[in-house]
Amino acid sequence: MIKKFTFGTPTETEAVICREGIVEPGEKVPYFSVASSGGDQDKSHVLTYGMGEQDIVYGLGENIRGINKRGWLYESNCTDDPKHTESKHSLYAAHNFFLVDGTERFGVFVDAPQKTVFDVGYSDRDRLTVTVDEGGFVLYIVEGESLRHIVKEFRHAIGRSYIPPKWAMGYGQSRWGYKTAEEIRQVVKKHRDNQVPLDSVYMDIDYMERYKDFTVDEEKFPDFPGFVREMKDQKIHLVPIIDAGVKIEEGYDVYEEGVEKGYFCKKEDGREFVGGVWPGRVHFPDMLHEEARQWFGKKYKILIDQGIDGFWNDMNEPALFYGEDHLKEVFDQLKEYQTKELDIDTFFGMKALILGIANNPEDYKTFYHNYRGERIRHDKVHNLYGYYMTRAAGEEFEKMEPDKRLLLFSRASYIGMHRYGGIWMGDNCSWWSHILMNLQMLPGLNMCGFLYTGADLGGFGADTTEDLMLRWLGLGIFTPLMRNHSARGTRSQEFYRFGHLEDFRNIIGLRYGLLPYLYSEFVKSAMTDDMMFLPLAFVYPGDETAAVTEDQLMVGESMMIAPVYKQNARGRYVYLPEDMKLYRLRSTDSMDSQILTAGHHYVKAELNEVLIFLRPDHVVPFGKGGCNVEEAESSSLRLLHFVRTKAVYDWYHDDGFTRDVDLEKGITRITVEAHGTIASAGAGRCQWSLI
Ligand code: MIG
């Protein structure tokens with residue numbers, strides 16, 4: 001049951017698209033007390049809930065801190081911040097859905113495109129408040145018989161999650177720094193020569209001509225379509241980055257057309273807003289304006305026509321190095337500082353002035369969108385920009401390629417965007433703590449509809465180490481987006497930069513062994529509005545230890561994972577809510593297993609091992625692996641198994657690219673009896689055996 005409450009005059013976000021089952025009771029908002037302040041038109045609102053001592057708060061998608069969000073203040077205000085320390089309040093996304101579980105159980109979606117603050121026991125340990133900036137919003141209260149059921153109801157309302165092509169669940173290699181076709185060729189060759197699987201190489205900003213969207217630098221990539229073909233022949237998909245800002249340059253068609261048609265965001269005086277990003281001075285396409293959005297979306301065709309079938313959208317918070325007008329003011333003010341003696345106040349004043357150049361909140365108040373026929377100031381809809389940029393692409397892809405899924409993911413996002421693409425978790429660092437952060441973010445993202453997601457494996461900023469890389473892969477082999485990405489100026493982190501290449505081959509190889517299961521679980525989750533990564537408490541309600549377990553997850557219906565995320569550890573403590581079978585995987589061909597009883601265990605896990613824990617009466621389809629997703633396809637599969645009486649698994653499989661996903665058609669029902677007989681019925685003709 002979803003109850004809808006409207007405050008003020010909200011801006012439509014198109015996050016909720018299915019109204020079936022949503023009621024507008026017209027009664028008082030349950031659970032919360034509501035206060036408002038400000039004028040008649042421009043009220044801001046505060047919702048307050050008194051939390052019970054044991055209450056757990058889940059959700060809020062892409063954010064720092066734990067699975068339980070209690071004890072911090074989170075601000076939905078899409079921000080380009082490359083240092084994800086636990087002191088931060090905002091990352092790139094605005095995912096305003098959370099669940100309260102304890103004395104009472106309910107879900108809350110605050111559909112507000114403007115800044116929204118979630119104080120989850122930050123000001124007062126027992127109080128949860130949501131503060132929505134002026135402008136109105138819609139509040140949805142979701143009730144259901146379990147946490148999972150509440151999530152499903154919500155997900156149903158926001159529409160089916162994006163499903164990528166299957167190749168996009170292979171391993172991807174990326175680095176901000178690959179500049180030429182030759183360099184990419186070498187990356188691919190190293191993987192192929194060493195039989196380390198690889199399906200994609202990402203092209204960061206250097207492929208473009210002077211950082212202009214939809215251009216390819218011809219010097220670095222002579223005959224780009226030929227190069228794309230050459231890579232395709234090796235089963236490699238090239239995935240270029242697209243930035244939000246369009247370079248101001250005479251003769252650049254995207255810029256000229258945009259100006260001519262009036263598709264860029266304008267200031268109060270009607271002139272285009274000028275910001276600074278990679279290319280220098282840019283204009284921002286008005287992604288919220290339907291016509292401009294279609295126009296921008298169609299531009300992707302320039303690259304699609306050259307053979308490209310995947311994209312990542314970056315800098316779409318939108319990130320601003322500077323706003324031109326404000327920058328001028330800063331330069332003027334700096335002149336004054338020149339003659340001053342810089343003491344404690346003036347020095348810090350100057351520092352703040354300089355640091356305030358980038359992503360300045362005041363700049364976001366100086367330009368406008370043309371949204372649904374109305375002029376609306378950017379800050380009032382700030383959190384929609386990345387969503388609508390990705391929607392621009394996603395909607396046009398559907399028209400351009402009606403029969404084929406394309407890869408698409410974004411940095412900034414809002415709920416609703418999950419229908420068009422995935423997200424990556426942005427600029428993390430090569431820190432051990434970020435493996436755990438990666439794990440803890442996954443269930444919250446799934447609750448908000450983001451299933452296709454993953455972090456920069458190995459860490460984006462800072463120098464990685466071989467052991468960090470391997471341990472991170474130990475988690476990354478489970479995340480739908482599995483990409484090794486790093487920043488310019490940091491230590492290179494392709495597998496061949498390290499000593500033990502066989503460990504990388506084996507661990508990355510495991511992903512391909514697990515793919516039949518992971519792909520099946522992914523698609524089933526998308527099609528049934530379910531989560532693929534679940535906190536233990538979602539599966540074991542009432543288990544007090546499961547409720548506070550912050551470093552283990554359920555992955556799909558059959559398994560639990562407990563990655564090692566501490567340096568020099570050779571194992572870890574694991575909590576088992578029930579008896580489970582531990583598979584210690586070293587490669588697709590080398591593993592051992594052991595049954596563990598419910599409770600706490602210390603389990604060993606060396607750098608070259610990945611542990612998975614099977615639930616009783618469950619199986620995991622496991623492939624032979626391969627050097628790419630296509631090669632990993634097989635008509636004979638093995639089953640990891642823990643069968644005490646009988647296991648039934650619905651295995652979903654398809655061609656990996658058809659848009660029209662049909663669960664019924666793709667499911668094979670596998671039944672395994674305790675004594676080992678396997679029966680299968682349904683779609684796939686496949687040989688099954690037990691491992
Ligand atoms: O501010 O394109 O998050 O993945 O490598 C840096 C360069 C801009 C930020 C992205 C990162 C990418 C980088 N970009």
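Me: What does the side chain of Ser430 reach at 2.7 Å, and why is this called a polar contact?

Reply: In this predicted model, the side chain of Ser430 reaches the backbone oxygen of Gly458 at 2.7 Å. A polar contact is a pair of N or O atoms within 3.5 Å, where, within protein, one must be able to donate a hydrogen and the other to accept it, and where residues adjacent in sequence count only if both atoms are side-chain atoms. The value of 2.7 Å is within 3.5 Å, so the pair counts. The side chain of Ser430 also reaches the backbone oxygen of Gly459, at 3.4 Å.

Me: How do you know whether Ser430 is buried or exposed?

Reply: Buried means under 20% relative accessible area, exposed over 50%, and partly exposed in between, with a 1.4 Å probe and protein chains only. Ser430 has 8% relative accessibility, and therefore it counts as buried. Its contacts, meaning heavy atoms within 4.5 Å, include Phe460, Leu468 and Trp472, not counting residues up to four places away in sequence.

Me: Why is Leu342 called partly exposed?

Reply: Because its relative accessible area is 36%, Leu342 falls between the two cut-offs and is partly exposed. Leu342 is found in the loop between helix H7 (324–339) and helix H8 (344–355), where helices (H or I, at least four residues) and strands (E, at least two) are DSSP runs numbered from the N terminus.

Me: What makes strand S10 largely enclosed by the rest of the structure?

Reply: Five of the five residues of strand S10 (residues 116–120) are buried, so the strand is largely enclosed. Thr116, Phe118 and Val120 point one way from S10, while Val117 and Asp119 point the other way, and all are buried.

Me: How do you know which strands pair with S10?

Reply: Two strands pair if DSSP finds at least two bridges between them. Strand S6 (residues 72–76) and S10 pair in the antiparallel sense over five bridges, and five bridges also join S10 to strand S11 (residues 127–132), again antiparallel. Val120 of S10 is the bridge partner of Trp72, and Val120 also stands opposite Leu128 in S11.

Me: Which strands stand at the edges of the open sheet S2-S1-S12-S9-S8-S5, and why?

Reply: The six strands form this open sheet with mixed pairing. Strand S2 (22–23) and strand S5 (56–59) stand at its edges, because each has a single partner strand, so one side of each is left without a neighbour in the sheet.

Me: How should the numbers be read?

Reply: Residues are numbered from 1 along each chain as its sequence is written, and side-chain values use heavy atoms, with hydrogens and water left out. Local features need pLDDT of at least 70 and side-chain atom pairs count only at pLDDT 80 or more, whereas totals for chains, interfaces and linings use all residues.
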